[in-house]
Amino acid sequence: EIHIKEPIEKEVNPRLLPGELLLCEASTVYKYIQEDGSSRGTYGKLVCTNFKIAFLDDDSASDDNEPQFKNKIVGENDITLQCVDQIYGVYDEKKKLLTGQLRKYPETLIIYCKDLRVFHFCLRYTKEEEVKRIVSGIVHHSQTPKLLKRLFLFSYASAAPNNTDGRNQTVMFDTLEDWRDELERTKGNVKYKAVTTNEGYRVSEKLPLYFVVPMCVSEESILKYEGRGIPIWCWSCHNGAALLKMSAFPKEQDDSTSQTHKAFLDGIYKTISKPPYELLKTDDLSSSLPSLQDIQTAYTRFKQLFLIDNSTDFWATDVKWFSLLESTNWLEIIRRVLKKAIEVAECLERQHTNVLLIEESATDLCCVISSLVQVMMDSHSRTKSGFQSLIQKEWVIGGHGFLDRCNHLHKSDKEEAPVFLLLLNCVWQLVQQYPPAFEFTETYLTVLSDSLYVPIFSTFFFNSQHQKDTNMSGESLKTQSGPFRFLTVWDWSVQFDPKAQAFLNNPLYAEKPKPDKSQRKTARFKHQRQLSLPLTPTKSSTKRGFFREETDHLIKNILGKRIGKFINSSDEPPNSFREFYDSWHSKPVDYHGLLLPRIDGPEIKVWAQRYLRWIPEAQLHGGGTIATAAKILDLMEEVQSLQVKMDEEHSQAISVGVHSVPLLRNSARLSSLFPFALLQRQSIKPALPTSTWKDLEDEDDLVKRDDEFVDPTGDIS
């Protein structure tokens with residue numbers, strides 16, 4: 001039975017961005033609300049533009065129900081064409097994947113999005129001609145291969161007013177000066193130099209215009225093999241050890257060529273590795289980490305767990321949650337990547353050894369590991385501007401192929417792999433384990449992952465600096481010709497107003513204390529931890545168990561995972577790694593020093609806010625980390641207001657910056673997945689058949705068996 005809401009009578013038109021064109025539309029489209037398995041929904045108009053697919057109902061025209069966290073570019077019923085993952089049609093209650101030319105048009109259109117939203121549009125009440133136009137238009141514009149210049153990025157850049165600077169304290173690393181400043185900041189300028197050898201891209205189109213190499217590397221060496229076999233500097237540790245990356249030579253070659261390459265590499269290594277003072281460790285990531293294909297396969301399986309059609313489907317998979325989650329292998333890949341980053345950090349921090357990461361192109365897993373190591377070892381990379389500068393340095397200018405890896409042009413599925421998402425998942429593990437160490441929040445990371453699919457920013461829509469530079473020239477709509485002025489994603493004011501931007505900043509961030517000038521001579525900074533102490537066994541906390549008895553069954557199933565595999569894993573870290581890892585974790589955390597993630601068993605968790613935010617059944621009203629944060633913010637505001645009063649009494653009116661997140665009063669009504677899951681959503685009773693639900697309640701033992709916490713020491717709680 002369909003609960004019909006009267007079709008809208010007033011004309012609702014889409015809000016178009018500069019350069020955005022309406023391509024096709026259909027009226028009297030019925031959008032289902034997929035919350036309780038019923039067919040409730042709302043009538044409206046479905047439109048497709050050269051930027052997005054949008055559903056417009058009568059609420060779209062009013063601003064009365066403005067959400068607290070609103071994106072100015074993409075509304076909650078908007079799907080950018082790059083965000084469309086797959087489109088299915090329903091024919092006589094059977095789902096069929098829609099691609100290319102269609103002979104028959106479906107009764108219902110289901111759109112699965114890369115940000116894990118699921119939209120159901122019923123076309124039963126729409127005119128046949130409109131159905132043909134809208135379905136074929138959506139499939140064509142979101143699924144067929146495109147030319148780069150056909151991306152909305154270029155339409156927007158030529159039509160939008162250029163009134164934003166967009167730098168926002170983020171270092172863009174597109175000038176020689178930026179690289180020299182970074183060398184100065186990390187004290188790497190003693191052994192490394194910024195080079196201009198690639199100006200005009202005369203060495204390689206894959207390398208940036210400017211980069212940093214060891215002092216001893218000559219310009220002839222860089223030119224010899226188009227930049228392959230050259231150690232490129234990423235970052236220097238406080239003790240002088242450096243993190244480097246290198247693009248490897250192709251493996252399948254004849255003997256004479258490979259001998260020449262080997263001799264060249266030996267010469268390069270000898271210039272860097274000078275025992276006992278300068279040591280070098282090489283790490284071929286293509287053999288020590290999962291392949292890009294493995295990463296893509298794991299993520300494809302993993303995301304299916306969250307692309308839920310309705311409430312019934314959610315509860316049907318609930319009993320098998322642990323085995324389904326484990327079988328995807330996604331969390332295991334995150335654990336392996338974090339473990340590799342810890343190994344690199346140990347070489348740099350404890351062994352004072354230079355580390356050279358090697359990969360075929362040095363633009364995928366090299367970017368993940370080098371970024372993670374810097375986030376773990378350099379507190380500057382844990383500030384918002386520092387993290388953004390890091391992404392610019394290692395990924396955007398570093399030449400990560402965002403266009404191919406995100407498959408923005410739908411050219412080849414073989415090149416697609418969620419490498420940047422893997423980094424964000426790893427950083428999220430650190431953010432949720434050590435919140436005070438980061439100036440940004442998990443909401444910031446979630447929004448950054450969504451921005452991968454918003455083609456008005458150039459940041460994530462090119463494969464290299466060369467590709468961007470060669471596509472910069474174009475005709476402007478303002479009648480004069482000139483280069484395109486692309487926006488950068490780091491200008492958050494384009495997507496969010498100041499109130500919404502407050503959600504991206506962590507109010508509990510422990511800022512680094514400024515050094516006392518009088519103490520400067522004697523207090524030369526050194527890392528606080530002595531990590532070469534012998535291993536001391538750590539006592540496990542009584543509350544260390546992943547599940548506590550009082551924990552809600554639903555949340556156990558959502559955030560938990562089987563841990564037996566990791567406890568009994570044959571892939572045990574070597575002794576030196578374990579000693580380093582345990583020694584660090586046995587000491588108090590210095591939020592401005594080295595941070596090592598906890599990677600044993602259930603410490604690796606599902607990024608709930610990103611993956612569960614569109615599933616109402618996964619929300620806890622008045623629960624989750626947001627409830628705790630709301631209480632702490634209330635307390636902070638109270639302390640700051642008292643401080644202001646005290647200052648006024650002493651006639652020292654000092655302005656105090658209150659960075660509190662707005663509208664967090666009444667935390668009892670907030671969802672645990674706030675700010676994406678809004679206040680008005682209510683908890684819904686599972687729509688399982690009564691017999692199934694009764695079986696689940698009766699067989700409580702089954703749940704208890706699945707949820708047993710296996711302690712490494714052998715205790716079972």
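Colleague: How much of the protein chain do the buried residues make up?

Modeller: Buried residues account for 53% of the 717 residues in the protein chain. Keep in mind that this is a predicted model. The chain holds 24 helices and 16 strands. About 34500 Å² of the protein chain is exposed, and carbon and sulfur atoms supply 50% of that area.

Colleague: What share of the contacts in the protein chain joins residues 24 or more positions apart?

Modeller: Among contacts with a separation of 6 or more, 74% are between residues 24 or more positions apart.

Colleague: OK, the sheet at the start. What is the order of the 8 strands, and is the pairing parallel or antiparallel?

Modeller: The order is 4-3-2-1-8-7-5-6, the sheet is open, and the pairing is antiparallel.

Colleague: What makes strand 4 and strand 6 edge strands?

Modeller: Strand 4 (78-80) and strand 6 (94-97) each pair on one side only. On average, neighbouring strands of this sheet are turned by 30° against each other, ignoring direction.

Colleague: How do you know that strand 1 and strand 2 pair?

Modeller: The cut-off for pairing is at least two bridges, and 8 bridges join strand 1 (residues 22-32) to strand 2 (residues 41-49). That count meets the cut-off, so the two strands are paired. They run antiparallel, and one of the bridges puts Tyr 32 opposite Gly 41 in strand 2.

Colleague: And strand 5, what does it pair with, and over how many bridges?

Modeller: Strand 5 is joined to strand 7 by 6 bridges and to strand 6 by 4 bridges, with the antiparallel sense in both cases. For strand 7, Ile 87 has Ile 111 as its bridge partner; for strand 6, Val 90 has Lys 95. Strand 5 and strand 6 also form a hairpin with 2 residues between them, and Asp 92 in the turn has a positive phi of about 50°. As for cover, 6 of the 8 residues of strand 5 are buried.

Colleague: Which strands does helix 1 lie across?

Modeller: Helix 1 (residues 128-143) lies across strand 1, strand 2, strand 3 (52-56), strand 5 (84-91) and strand 7 (108-113). Against strand 1, helix 1 runs at about 110°.

Colleague: Why is helix 2 called largely enclosed?

Modeller: Buried means under 20% relative accessible area, and 7 of the 8 residues of helix 2 (residues 152-159) are buried, so the rest of the structure largely encloses this helix. Among those buried residues are Phe 152, Leu 153, Phe 154 and Tyr 156.

Colleague: What makes strand 14 count as covered on both faces?

Modeller: Asn 354, Leu 356 and Ile 358 are buried on one side, and Val 355, Leu 357 and Glu 359 are buried on the other. That fits the tally for strand 14 (residues 354-359), where 6 of 6 residues are buried. Strand 12 (residues 242-247) is joined to strand 14 by 5 bridges and runs parallel to it, with Lys 245 opposite Leu 357. Strand 13 (residues 280-284) also pairs with strand 14 in the parallel sense over 5 bridges, and here Lys 281 stands opposite Val 355.

Colleague: Why are helix 10 and helix 20 called roughly perpendicular?

Modeller: Their axes cross at roughly 85° and come within 10 Å. Angles of 65 to 115 degrees count as roughly perpendicular, so helix 10 (residues 330-349) and helix 20 (residues 575-585) earn that label.

Colleague: Which residues meet there?

Modeller: Helix 10 brings Lys 339, Ile 342, Glu 343, Ala 345, Glu 346 and Glu 349, which meet Ser 576, Phe 577, Phe 580 and Tyr 581 in helix 20. That contact divides into 5 nonpolar, 1 polar and 4 charged residues.

Colleague: Last one: how do you know whether Met 377 is buried or exposed?

Modeller: The relative accessible area of Met 377 is 10%. Buried means under 20%, so Met 377 is buried. Met 377 is found in helix 11 (residues 365-377). Leaving out residues up to four places away in sequence, Met 377 touches Trp 235, Cys 237, Ala 345, Leu 348, Glu 349, Arg 382 and Leu 594. Met 377 and Ile 342 are 35 residues apart in sequence, yet 9.9 Å apart in space, C-alpha to C-alpha.

Conventions:
Residues numbered from 1 in each chain as written. Predicted model: local features only at pLDDT ≥ 70, side-chain atom pairs only at ≥ 80, totals over all residues. Heavy atoms only, no water. Axes fitted to C-alpha atoms, helices over the stretch in contact; angles between N-to-C directions. Contact = heavy atoms within 4.5 Å. Buried < 20%, exposed > 50% of the residue type's maximum accessible area, 1.4 Å probe, protein only. Areas by Shrake-Rupley, 256 points an atom, 1.4 Å probe, with all protein chains shown as cover. Parallel < 35°, antiparallel > 145°, perpendicular 65-115°, else oblique. Nonpolar A, V, L, I, M, F, W, Y, C, P; charged D, E, K, R; others polar.
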